[in-house]
Amino acid sequence: MSGWAGLFCDHACLLGEGPAAHPGLGRLYWLDILGRHLCERPFSGGTTTLHDLPVMASMVARVDDATLLLGAEDGLYLRDIATGRMRRLVPLEADRPETRSNDGRVHPSGALWLGTMGKHAESGFGAIYWFFRGEVRTLFSGLTIPNAIAFSADGTRAIFADSQAGTIWRVATDPATGLPTGDRRVFVTIPPSEGAPDGAVIDEEGLVWNARWGGASLDAYAPDGTRVRSIALPARQVTCPAFIGPDADTLVVTSATEGLDPDRTDDRFAGRTFTVPVKVKGRFEPVVRVA
């Protein structure tokens, strides 16, 4: 297991999640779900800006250079980058105050997959939804903590996980719509003693980079599910990776302090966002198609 490179951001999130790069602005955006913040920082470093949010949000995607889309506890929101104004675009489980959004990614077609879960991780409360040009469909239900949503570069394959089950599945997808075209099959199973699968990205070479909650590592898996590398990180509860930099060749990983001792003497880097010491052939997520 190789070591970590350093801190991208020293701000400690309660539950850092959902990082996504905005290459047009040269910035990374990510969420502190429980802290109700949208975090923003240039690729090159500098000041991290925390934007207060009126709702718990868990993921962010580009619509264009002026607008972001946020996946939140009661729906999908459009957020004006310049003013911070938000409006709900589509309600999602708005009638279920016991649930919130969780992991999400944009398929190469521009379709969004977004997971929901119980606010206390209640068994079976979770689902994964598909959103494309204003339409919403339920793809998978009966999950507990949906995570690790990611797509191959050609749009023919998706992965997703239930962290509670310790399992990542793969499923074929339609490159034009991002909808599943077959049954899900087990891709990776992680024993509880090693942690649980959290957020993931897939690089241009097909490697799956998965943050292992409770395992203090970012793991790389070959397309056949073989673990080919583990990179140690200085926080046990790592949550989600993203590609940044002008060439998308740098990986960053978010983490969380949720549930830890407030003094965090045994996990003093918890909640920070890290860079990792590998150069990758990454790629930026496409814009999400809202209309």
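The largest nonpolar core of this predicted model comprises 18 residues, with W209, L218, L251 and V276 making the most contacts inside it. Such a core is defined as a set of buried Ala, Val, Leu, Ile, Met, Phe, Trp, Tyr and Cys residues joined through side-chain atoms within 4.5 Å. Two or more core residues come from each of strand 19 (208–213), strand 20 (217–221), strand 22, strand 23 (250–255) and strand 24 (273–279). Strand 24 gives the most, with 3 residues. Strands (E, at least two residues) are DSSP runs, numbered from the N terminus. Burial denotes a relative accessible area under 20%, exposure one over 50%, and partial exposure the range in between (1.4 Å probe, protein chains only).

The model is predicted: local features require pLDDT of at least 70 and side-chain atom pairs pLDDT 80 or more, whereas totals for chains, interfaces and linings use all residues. Residues are numbered from 1 along each chain as its sequence is written, and side-chain values use heavy atoms, with hydrogens and water left out.

Within the core, the surroundings of L251 were examined through contacts, defined as heavy atoms within 4.5 Å. Neighbours within four places in sequence being left aside, L251 touches V201, W209, L218, P241, A242, F243, F274, T275, V276, V278 and V280.

Internal space was then assessed on a 1 Å grid over the protein atoms alone, a cavity being a set of points where a 1.4 Å probe fits but cannot get out. A pocket is an open set with protein on both sides within 12 Å along at least five of seven lines, and lining residues have an atom within 4 Å of a point. Grid points are joined across faces, edges and corners, and volume is the space filled by probe spheres set on the points. The model contains 3 cavities of 30 Å³ or more, and the largest encloses about 190 Å³. Its lining consists of 17 residues, with R105, V201, F243, R283 and E285 nearest the centre. By class, this lining has 14 nonpolar, 3 charged and no polar residues. Here Ala, Val, Leu, Ile, Met, Phe, Trp, Tyr, Cys and Pro count as nonpolar, Asp, Glu, Lys and Arg as charged, and the others, Gly among them, as polar. At least two lining residues are supplied by each of strand 2 (16–22), strand 10 (99–106), strand 14 (146–151), strand 18 (196–202) and strand 22 (238–244).

The largest pocket has a volume of about 350 Å³. Of its 20 lining residues, R100, M117, I145, W213 and E258 are the closest to the centre. Strand 10, strand 11 (112–118) and strand 18 each contribute two or more residues to this lining. The pocket lining divides into 8 nonpolar, 7 polar and 5 charged residues.

No disulfide, defined as a pair of cysteine sulfur atoms within 2.5 Å, is present, the count being 0. The sulfur of C39 has its closest cysteine sulfur in C13, but the separation of 4.2 Å is too far for a bond. C240 is likewise in no disulfide, the nearest cysteine sulfur, that of C13, being 12 Å away. C39 is buried, with a relative accessible area of 0%, and C240 is also buried, at 1%. C39 belongs to strand 4 (residues 37–42). Beyond neighbours within four places in sequence, C39 is in contact with C13, L28, Y29, W30, D32, T49 and L50. The C-alpha atoms of C39 and G16 are separated by 9.1 Å, with these positions 23 residues apart along the chain numbering.

A pairing of sequence-distant positions involves V63, in strand 6 (residues 57–64). The C-alpha atoms of V63 and V288 are 5.4 Å apart, although the two residues are 225 residues apart along the chain. V63 is buried, at 16% relative accessibility. With neighbours within four places in sequence excluded, V63 is in contact with L68, L69, L78, V287, V288 and V290.

Positive phi values occur at two loop positions that are not glycine. R133 has a phi of about 50° and lies in the loop between strand 12 (126–132) and strand 13 (135–143). A216 has a phi of about 55° and occupies the loop between strand 19 and strand 20. R133 is partly exposed, with a relative accessible area of 48%, whereas A216 is buried, at 18%.

Key: Helices (H or I, at least four residues) and strands (E, at least two) are DSSP runs, numbered from the N terminus.
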